[in-house]
Every structure is written in structure tokens, then in C-alpha cells.
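Reader: I should like to learn how to read the features of a structural model in an orderly way. May we take one case together, beginning with a single backbone angle?

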Amino acid sequence: MNIFDITGPVMVGPSSSHTAGAVKIGNVCRKLTGEKITEADILLHGSFLATGRGHGTDKALVAGLMGFAVDDSRIPDSFRIAEEEGLKYRFGAIDLGEEAHPNSVRLNLTSKSGRKLEVQASSIGGGRIMINQIDGLEANFSGDLPTLIVHNLDQPGHVAEVTSMLEHKSVNIATMQLYRSGRGGHAVMVIECDQEIPRESLKWLEHLEGIEKVTYYSLQEL
Amino acid sequence: MYHSLEEITEVCREENLPFWKAVILEDCKEEGITEEESMERMQEIYTAMRDSDRNYDPDLYSASGLVGTDAQKLRVYHEGGESMVGDFCGRIMERALRVAESNACMKRIVAAPTAGSCGVMPAVLISLQEKYNFTDRKMVESLYVASGIGGVIAMRACLAGAEGGCQAEIGSASAMASGAAVYLLGGSPEAIIHGSAMALSSLLGLVCDPVAGLVEVPCVKRNVIGALNAVSSADLSLAGIRSRIPPDEVIDAMKSIGRSLPSDLKETGRGGLAATAEGQKIRDLLHGIR
């Protein structure tokens, strides 16, 4: 936290959690897909569902998916702009259960090349957010750091492959989480890094045996 | 970020620094940025505050229809010469409504410290600049004073209605604006923190009870009392009056009150004004059209 978190941010109202946080969730989704999003099924949970319309959460999410910043004055017009830009969106309700944060949303996204991505995220206060799941698997990260998400078969050696690649590229690991569906099933590692990972290293990773999917969240603009 | 207001005044005393300088030096060190970069950013924040006041649309209502056009009504009333509080306070009241209504109408504002309390600081600061012709540079300095105070509140207590009730939002904004006002009028570091402490003391216990869970009723109008309370507390301090309870302990009291408040009164929309018959009627109506 710094003094610009106290006086600031500059943002479109009315709520840091329900509006600015929602824009940020959209921003992270856009960067996760790595290309223009063409379709979005947006399912609101809890307080996002109950007070989202009054807080402009719906408009903020769509604005975020198009890459608008939290202080972009076009946020209230995002529905109209989405139509012009060819982003089809639908809103619905979902109950993500007691465990989910009250300000949560699940997004089913399709991007330009037909790639699909499912993201579950929450706005945890003061405009800060958490991505909770990607494609149905746990993935808790804030979107404040470059983040690598690797889906792989639960076999020995994949963590070592990924971390040696990072070492080789002089990328320092800030946080690391491992999850799996069950022994020998599907596993996912979520690694927040202090530096950006080179694109060619991600490509190399994708082609390794046992690696099912590589998703990278970069702080750089698309 | 400093952990106590006393610590800031100590740094000011020991190193013979103005309050704002003690704040900016500490922050630049922590963030690894230069003073120049920081000042440039703060100037942008001040410009955004002024824009949020200037860009008020007198015809606009929020999506729920609960707020809008009130700042304009107040202006017409003041211009008719009927106002009791006079020009300066009248301008402050109007600005607080302008910015807070703009926030509810999805316009661009500066969260200071939160979006719900965004009208307090611009109302006080812009009105003071208008009255005394302070330079922008001086206004930017006063924003560091306010941010230093807000930072201590964030470290010792909290700035979110969901955590501490409205006292943490409007109360903190009022304490920040009061300290900034004392600084602008030439008060000492000690006077600054006592202005803040008296402002916060007067709003202790204020609950967060938004109708239908929206940042509208009573949030928008509470910006008015936050702003007026900031200037009256600043005047108290500049007159040499002091908070009998040390400023840091006032912040600690805010934290403990926040903890004692039931969750119904902390941004859940379940207690207080939100739970009145009318409040529930509005909620049901709005949820019906969701």
C-alpha cells in the first residue's frame, strides 16, 4: 500500500469493489486470453448479483473485458461500445456456494481464434481482486504480478521443468501454488513472478510431454 | 506508511521538516520513486479532483434514480441568498454533493480515501483554493498531508465501511481534509493532527447502512457533513483548541468501535436506514427490476 492507495485511485464510480474491482477482473480476463474476446457469458454471484446493476458492475465487467482502465469515462457506455466492437455478452445468475466471496463472478469467454476460457474471480475490497479459478481448477492470484498457470498431468518432474526454465530465464518466483484433482489426475501450478517470462519459453513449455495447457498473464498491454 | 501521527510530528520536529515533506520522503523511499515523480502524480490526482467537481451534470440521476440533481437545487437556493451558512460553507456543501452525486452516476472521481467519501476532500480543498488563491503546488502539498493522515488511519484502523462502518469512510475523509485545511492555513504539525483528531472524534460511531446496498442513500449527503466537519474542526485547531484524547488514540477508538459494530451496520444493507420500512421498500423495488 502507498499514499496513492489512500488518496486515489482515480476511478469511475460508484464503488471501488463493485465497479473498479469489476473492471480489473475484466482486464485480467482479457490479458489471460491474450487476444480480443468475442463472446462472454457472465454469471454473477452474491452481492455482485444483488447490487451489481445499481453499482454498474455489469457495465464495468464488459468495459474491463475490452481493456478499459478503471478511470475510463466510457465505462457507463460499455454495452454500446461492446456492440460496435463485436463483443457479445450475456448476463446470468449463479450460486457459487457459501465458500465463495460475496463479490464473485464466473466468466465463460471465447476469444477471436475460438479459444475458450473459464474464469472465476472475486473483488475483495478497495479495488483489489483475486482470480479464484481458471477452467475449473484452483488458481488464486491477484493480477498484480506476471503469473504463469500450467495445467499438467500429475506426474513427477513437471514442477522441476517449469522452475528450471524460470531459473534459466532469470525470472524470480514470488509465490507458487500447486493443486491437483487427485493422485495421477490433472494438476495445476500457479506461479506469480517478479519478472515477465519470454514468449518463446512459454511456447517451449507448451510442447513438453504431460503439459496440457499453458496460460500466461502478462502485465504488458496486448 | 507511518504507524502513528505522533511519529510524523516527531520526524517534522527532529528534522525540521514540514508535515507534507515527512510524508512524501517516507513514501518515495518505500516505493523507490523520486519526489518529482511523486509530485507529478499527485498533481494529476488534484486535477482529477477538480475535474470531478467541474464535470458535474445537473440533470443526471443515478441508475437507481435515488440520487441526482440535489447539488443543483442547493446552488439555486444559495444564489437566491437564502442560505444560513454563508458563501464559503455553501460552496463546500454544494461541491460535496456535486462530486458524491457524480460518483453515484458513474462519473470519474478520486477515491479519497474511498469512492463513497469522494466528495469530502475536493469540497474542502477546492473551496479553500478558491477563497485564498493558494497555488496548485501548495494544494498538492496539502494532499500529502491528507494522505499521511489517511495512511496512519489505514495502518492503525481501516478505511472501509465493510470493516469499520461509515466512520472509517466519511470519518477518515473528514480527518484527512481537516489536517489538509489546517496545513493550508499555516497550522503547525501538532495543529494538523489535532484538527484531524477532532474531526474524527465528532464522527465516531457513524454506521454504514446504505439503502439497497448502493453507495447513494445516505452516503451522498454524508459527504456534506464530512466536509463541513473538516473545516469546523480545522478552525477549532487553528484557534488553539486541542483534542483532549491524543490523536492516535482517537484512531484506535475508531478501530475498536468498528469491531464492536454488528455486521448489519457495516455495508451489508441490513441495518439502520437500509432496514427502515422505506429502505426495504426501495430495496425490493430495485431488486424487482434487476
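Author: Let us begin in the loop between α6 and β9 of chain A, where A:S170 is found. Please bear in mind throughout that this is a predicted model.

Reader: What is the phi of A:S170?

Author: The general idea comes first: most residues other than glycine have a negative phi, and most peptide bonds are trans. Here, A:S170 has a phi near 55°, a positive value in a residue other than glycine.

Reader: Which residues does a cis peptide bond join?

Author: There is a case in chain B, where B:A112 and B:P113 are joined by a cis peptide bond with omega of about 0°. B:P113 has its place in the loop between β1 and α6 (120-132) of chain B. A further cis peptide bond joins B:V217 and B:P218, with omega of about 5°. The loop that holds B:P218 runs between α10 (189-203) and α11 (219-238) of chain B.

Reader: Let us return to the elements that flank A:S170. In what order do the strands of the open sheet of four strands lie?

Author: In general, strands of a sheet pair through backbone hydrogen bonds, either parallel or antiparallel. In chain A, the order of this open sheet is β9-β10-β8-β11, and the pairing is antiparallel. Its edge strands are β9 (173-180) and β11 (211-217), each of which pairs on one side only. On average, and with direction ignored, neighbouring strands of this sheet are turned by 10° against each other.

Reader: How many bridges join strand β8 to strand β10 of chain A?

Author: Seven bridges join β8 (residues 147-153) to β10 (residues 186-193), and the two strands of chain A run antiparallel. To locate the pairing in the model, one may look for A:T147, which stands opposite A:E192 in β10(A).

Reader: Which strands of chain A does helix α6 lie across?

Author: Helix α6 (residues 158-168) of chain A lies across β8, β9, β10 and β11, and runs at about 20° to β10(A).

Reader: What is the pairing in the open sheet that six strands form?

Author: The pairing is mixed, and the strand order in chain A is β3-β2-β4-β5-β6-β7. At the edges are β3 (88-93) and β7 (137-141) of chain A, each pairing on one side only. From one strand to the next, the twist averages 20°. A parallel pair in this chain is that of strand β2 (residues 37-45) with β3(A), over six bridges. A:L43 stands opposite A:G92 in β3(A).

Reader: How is chain A divided into domains?

Author: Domain 1 covers 10-134 and domain 2 covers 147-217 of chain A. Their C-alpha centres lie 26 Å apart. In secondary structure, chain A has seven helices and eleven strands.

Reader: What radius of gyration would a compact globule have with 222 residues?

Author: It would be near 17 Å; chain A has 17 Å, so the two agree. The C-alpha trace of chain A spans about 50 × 35 × 35 Å along its principal axes.

Reader: How many helices and strands does the secondary structure of chain B come to?

Author: Chain B comes to 13 helices and one strand. Its radius of gyration is 19 Å, close to the 19 Å that the globule rule gives for 290 residues, so chain B is as compact as a globular protein of that length. Along its principal axes, the C-alpha trace of chain B spans about 60 × 45 × 40 Å.

Reader: At what angle do the axes of helix α1 and helix α2 of chain B cross?

Author: The axes of α1 (residues 5-15) and α2 (residues 19-31) of chain B cross at roughly 105° and come within 9 Å. Angles of 65 to 115 degrees count as roughly perpendicular, and α1(B) and α2(B) are therefore roughly perpendicular to each other. The contact is made by B:I8, B:V11 and B:C12 of α1(B) together with B:F19, B:A22 and B:V23 of α2(B). By class, this contact of α1(B) with α2(B) has six nonpolar, no polar and no charged residues.

Reader: Which element gives the most to the side of chain A that touches chain B?

Author: The contact takes 28 residues from chain A and 38 residues from chain B. On the side of chain A that touches chain B, α3(A) gives the most, with six residues. By class, that side of chain A has twelve nonpolar, 14 polar and two charged residues. Strand pairing also occurs between the chains: β1(A) and strand β1 (residues 108-110) of chain B pair in the antiparallel sense over three bridges. There, A:V10 has B:V110 in β1(B) as its bridge partner.

Key:
Residues are numbered from 1 along each chain as its sequence is written. Chains are lettered from A and ligands numbered from 1 in the order in which they are written. This is a predicted model: local features need pLDDT of at least 70, side-chain atom pairs count only at pLDDT 80 or more; totals for chains, interfaces and linings use all residues. Two strands pair if DSSP finds at least two bridges between them. Axes are lines fitted to C-alpha atoms, for helices over the stretch in contact, and angles run from 0 to 180 degrees between N-to-C directions. Two residues are in contact if their C-beta atoms, placed from the backbone, lie within 7 Å. Ala, Val, Leu, Ile, Met, Phe, Trp, Tyr, Cys and Pro count as nonpolar, Asp, Glu, Lys and Arg as charged, and the others, Gly among them, as polar. Domain bounds come from an automatic or database domain assignment. Angles under 35 degrees count as roughly parallel, over 145 as roughly antiparallel, 65 to 115 as roughly perpendicular and the rest as oblique. The radius of gyration is taken over C-alpha atoms; the globule rule is 2.2 Å times the number of residues to the power 0.38.
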